[in-house]
Amino acid sequence: MPTAIIADDERLMRDQIRLRLSQAWPELEILGEAKNGDEAIELVDQLQPDFTFLDIRMPGKTGLQAAQEIGGKSHIVFITAYDEYAIEAFERGAVDYILKPAEAERLRLTVTRLKARLSSTPADMGSMLTQLAKQMGIATKPVYLQWIQASIGQQLRLIPVQEILFFRSDEKYTSVQTAAYEALIRKPVRDLAEELDPDLFWQIHRATLVNVNAIDGITRDMRGRHQVLIKGHAEKLEVSRSFIHLFKQM
């Protein structure tokens, strides 16, 4: 039975591709899903799928960067909203590409091409991917999260990252604090630190990320512990010794 994984940072897009593939190729088993390039690489190593569907642009490690590390372990199918990039990737050796949104007719053509490659060895596209990444500005400029989907009670809200003052995790949730409200997500700070622009968000504690533009200053409490002051917010955020070097320039 042929197998695959799907990597895209948009859950709705992953759901759509999974549905379209089940319709076009019922025998194809989807072994897992990933939200970024790092997770995709791990899944390929663990599950050894025949095909890997990779969104070209994802937060943190992109699809192109992930494809470079995957190498010849799996046939690559790129997912993209940019037709010119996808065509070039296909012509240079990728199995095929899927344009967003995934249309049923186009996906059937992709499945036909995948079946033809099933018995062949996946191509190692290292040099091609490096060149393509440079053309797209991906190799030197990672794509970071621009929005956070968070819960406020029973409501889901998309929050621009620029509006977030800080993130702080406990054992179960991560709070997302803006000037106007607090929301909750399940993603831990260690994952957010990899997906947010490090020039915009500094990790100051293993459980805390702070928006640089929201910092009003730094002080010490009676025990000598450093604490960050937040503009327009009464709460002070503790700074671990491991991160105090960030404030030497201030």
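## A tour from the β14–β15 pair to the largest pocket

Start by selecting strand β14 (residues 226-230) together with β15: the two pair in the antiparallel sense over four bridges. Strands here are DSSP runs of E with at least two residues, helices are runs of H or I with at least four, and both are numbered from the N terminus. Two strands count as paired if DSSP finds at least two bridges between them. Before you go on, note that this is a predicted model, in which local features need pLDDT of at least 70 and side-chain atom pairs count only at pLDDT 80 or more, while totals for chains, interfaces and linings use all residues. Residues are numbered from 1 along each chain as its sequence is written, and side-chain values use heavy atoms, with hydrogens and water left out.

**Stop 1: the antiparallel sheet**

Stay with β14 and pick Val228; its bridge partner in β15 is Leu237. Now add β13 to see an open sheet of three strands in the order β13-β14-β15, with antiparallel pairing. The edge strands, each pairing on one side only, are β13 (215-220) and β15 (233-238). From one strand to the next, the twist averages 30° (axes are lines fitted to C-alpha atoms, for helices over the stretch in contact, and angles run from 0 to 180 degrees between N-to-C directions).

**Stop 2: the parallel sheet**

Next, select β2, β1, β3, β4 and β5: in that order these five strands form an open sheet with parallel pairing. At its edges are β2 (29-34) and β5 (96-99), each of which pairs on one side only. Here the twist averages 20° from one strand to the next.

**Stop 3: strand β3 and its neighbours**

Zoom in on β3 (residues 51-55). Is this strand mostly covered or uncovered? It is mostly covered, with five of its five residues buried, where buried means under 20% relative accessible area, exposed over 50% and partly exposed in between (1.4 Å probe, protein chains only). Phe51, Phe53 and Asp55 lie on one side and Thr52 and Leu54 on the other, and all are buried.

Show β1 (residues 3-7), which pairs with β3 in the parallel sense over four bridges; Ile5 stands opposite Thr52 in β3. Then turn to β4, which runs parallel to β3 and is joined to it by five bridges. Across this pair, Phe51 stands opposite His75 in β4, and Leu54 stands opposite Phe78. To follow the chain from β3 to β4, trace helix α3 (residues 63-70): this β-α-β crossover is right-handed, in that the path from the first strand over the helix to the second runs clockwise when the strands point away from the viewer.

**Stop 4: the largest pocket**

Now switch on a surface. The largest pocket holds about 1100 Å³ of space. A pocket is an open set of points on a 1 Å grid over the protein atoms alone, where a 1.4 Å probe fits, with protein on both sides within 12 Å along at least five of seven lines; lining residues have an atom within 4 Å of a point. Select Asp9, Glu10, Leu145, Trp147 and Gln149, the closest to the centre among the 34 lining residues. Which element gives the most to the lining? That is β6, with five residues.

**Last stop: Gly153**

Finally, select Gly153 in the loop between β6 and β7. Gly153 is exposed, with a relative accessible area of 66%. Add Ala183: it is 30 residues from Gly153 in sequence and 8.1 Å away in space, C-alpha to C-alpha.

How values were computed:
Grid points are joined across faces, edges and corners, and a volume is the space filled by probe spheres set on the points.
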